[in-house]
Amino acid sequence: MSGVLLWVVNPKENATSLLSLMPRIGSPKRSKFCSRLSFSPGIIAYSGAVAHPPRSSEERVYEVVLKQAALVREQRRPKEKALDFDQRIEGSDGMTNWDLLNEAYDRCGEVCAEYAKTFYLGTLLMTPERRRAVWAIYVWCRRTDELVDGPNASYITPKALDRWEKRLTDLFEGRPYDMYDAALSDTVTKYPVDIQPFKDMVEGMRLDLRKSRYQNFDELYLYCYYVAGTVGLMSVPVMGIAPESKASTESVYNAALALGIANQLTNILRDVGEDARRGRIYLPQDELAQAGLSDDDIFRGKVTDKWQSFMKGQIKRARMFFDEAEKGVAELNSASRWPVWASLLLYRQILDAIEANGYDNFTKRAYVGKAKKLVSLPIAYGRAIIGPSKLTEQLVAR
């Protein structure tokens, strides 16, 4: 199922598979590169799992939000690295550990540039350290996505995802398995990034293996959090909150979460026909029934008055999440706003495209054309240079 950002860019958005990035999750065997890297442990996660009924999904997820926000407020100092980065590595043409780490980040940047071009350009406005960290998070999310959506998806089992999660724990503790892991392992020592959102994303992949229907929006909300909302929580500590922002840390995290939910709901509405052909329906079953619709109607793929009415309601809800997200983008560090605004505006226009297609998301794929993308970029830049308080006032007044 198409899913995941950075705050906002979706690693699943590009259908081309990242064969070279597919993680090997059989018996872990570190490369020569990673066997020589021994990063200090990252921030140890202390947030709990989000699976304690009978609370609603929103209540469960909000607990994670609060804990991520607490990490940022604490502004934990980076751990000292146990590795001497000036040490030269035997058999590596005189390269130092710094050289190898820089190469790891550069590789992550290349992946981001290939699969998220607009967002990549925006990251170039960030400080070098921030953009490298964002690239590292992006690549991990994309690789995780590929486990269930890539060319080897049919071979992925719950045990394989368990091994991938164990590998995640290892990299957070300074034991990366490969170059891409090494970049993220270094990133989590520099920023107050908690492991829980990463674990929750893996849980979203588990859902894709065992679940193809969602009874109500509460269930769907949790899924959207797992596969997309998590990325916002991963990214806020790196992108940073503007020093002049008067918003609470929790509200910024809530907005990041809202953007991930909005993106995923947009994916779901765009890909109804594609998912149906795979036997999957990511629409709330109770809401379909209330609209007089069933799975059979979706498999038939005919646009009816009932379907159009149903889709209007679904699009309205997605836009409400985008509205909530906009308030938080304005509070980000000034150098981080433009790529997020650009991605938000472009993704939101997919909903407009669904409407323009007459709500036919069975046979027509909604997309934003190049001309509209070019028009959106300066608009995004204009919003990015406005200070938090002024833009928030404008958004509230709309």
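**Exercise 1. N267 and its partner**

Task: In this predicted model, find which side chain forms a polar contact with the side chain of N267, and at what distance.

Solution:
- Start with the pair. The side chains of N267 and Y347 are joined by a polar contact of 2.3 Å.
- Place N267. This residue sits in helix 10.
- Check its exposure. N267 has 0% relative accessibility, so it counts as buried.
- Look along the chain. A366 lies 99 residues away from N267 in sequence, yet their C-alpha atoms are separated by 9.9 Å.

**Exercise 2. Helix 10 against helix 15**

Task: Describe how the axes of helix 10 and helix 15 are arranged, and list the residues that meet.

Solution:
- Choose the descriptors. A packed helix pair is described by the angle between the axes and the distance between them.
- Apply them. Helix 10 covers residues 249-270 and helix 15 covers residues 334-356; their axes come within 10 Å and cross at roughly 30 degrees.
- Assign the hand. The crossing of helix 10 past helix 15 is left-handed.
- List the contacts. Helix 10 contributes L259, N263, T266, N267, L269 and R270, while helix 15 contributes V340, L344, Y347, I350, L351 and I354.
- Sort them by class. The contact of helix 10 with helix 15 has eight nonpolar, three polar and one charged residues.
- Connect to Exercise 1. N267 and Y347 both appear in this contact, and a polar contact joins their side chains.

**Exercise 3. Y359 after helix 15**

Task: Locate Y359, give its phi, and decide whether Y359 is buried or exposed.

Solution:
- Locate the residue. Y359 belongs to the loop between helix 15 and helix 16 (370-384).
- Read the backbone. Its phi is near 65 degrees, a positive value in a residue other than glycine.
- Classify it. The cut-off for buried is under 20% relative accessible area. Y359 has 12% relative accessibility, so it counts as buried.

**Exercise 4. Two acidic residues**

Task: State where D170 and E219 lie, and give a polar contact for each.

Solution:
- Take D170. It is part of helix 6 (residues 158-172).
- Its relative accessibility is 2%, so D170 counts as buried.
- Its side chain makes a polar contact of 2.5 Å with the side chain of Y177.
- Turn to E219. This residue lies in helix 9 (residues 217-239).
- At 27% relative accessibility, E219 counts as partly exposed.
- Outside its neighbours within four places in sequence, E219 is in contact with S57, K211, R213 and Y214.
- The side chains of E219 and K211 share a polar contact of 3.2 Å.
- Add a long-range pair. E219 and E58 are 161 residues apart along the chain, with their C-alpha atoms separated by 9.8 Å.

**Exercise 5. R55 before helix 2**

Task: Work out which residues R55 contacts, leaving aside neighbours within four places in sequence.

Solution:
- Place R55. It is in the loop between helix 1 (32-36) and helix 2 (57-74).
- Note the exposure. R55 counts as partly exposed at 23% relative accessibility.
- Name the contacts. R55 is in contact with R60 and E63.
- Add the polar pair. The side chains of R55 and E63 are joined by a polar contact of 2.4 Å.

**Exercise 6. Cysteines**

Task: Explain why C112 has no disulfide bond.

Solution:
- Recall the cut-off. A disulfide needs cysteine sulfur atoms within 2.5 Å.
- Compare the distance. The closest cysteine sulfur to that of C112 is in C108, 9.3 Å away, so it is too far for a bond.
- Give the total. The count is zero disulfides.
- Check burial. C112 counts as buried at 0% relative accessibility. C224 counts as buried, also at 0%.

How values were computed:
Residues are numbered from 1 along each chain as its sequence is written. This is a predicted model: local features need pLDDT of at least 70, side-chain atom pairs count only at pLDDT 80 or more; totals for chains, interfaces and linings use all residues. Side-chain values use heavy atoms; hydrogens and water are left out. Axes are lines fitted to C-alpha atoms, for helices over the stretch in contact, and angles run from 0 to 180 degrees between N-to-C directions. Helices (H or I, at least four residues) and strands (E, at least two) are DSSP runs, numbered from the N terminus. A crossing is left-handed if the near helix is turned anticlockwise from the far one by less than a right angle, and right-handed if clockwise. Contact means heavy atoms within 4.5 Å. Ala, Val, Leu, Ile, Met, Phe, Trp, Tyr, Cys and Pro count as nonpolar, Asp, Glu, Lys and Arg as charged, and the others, Gly among them, as polar. Buried means under 20% relative accessible area, exposed over 50%, partly exposed in between (1.4 Å probe, protein chains only). A polar contact is a pair of N or O atoms within 3.5 Å; within protein, one must be able to donate a hydrogen and the other to accept it, and residues adjacent in sequence count only if both atoms are side-chain atoms.
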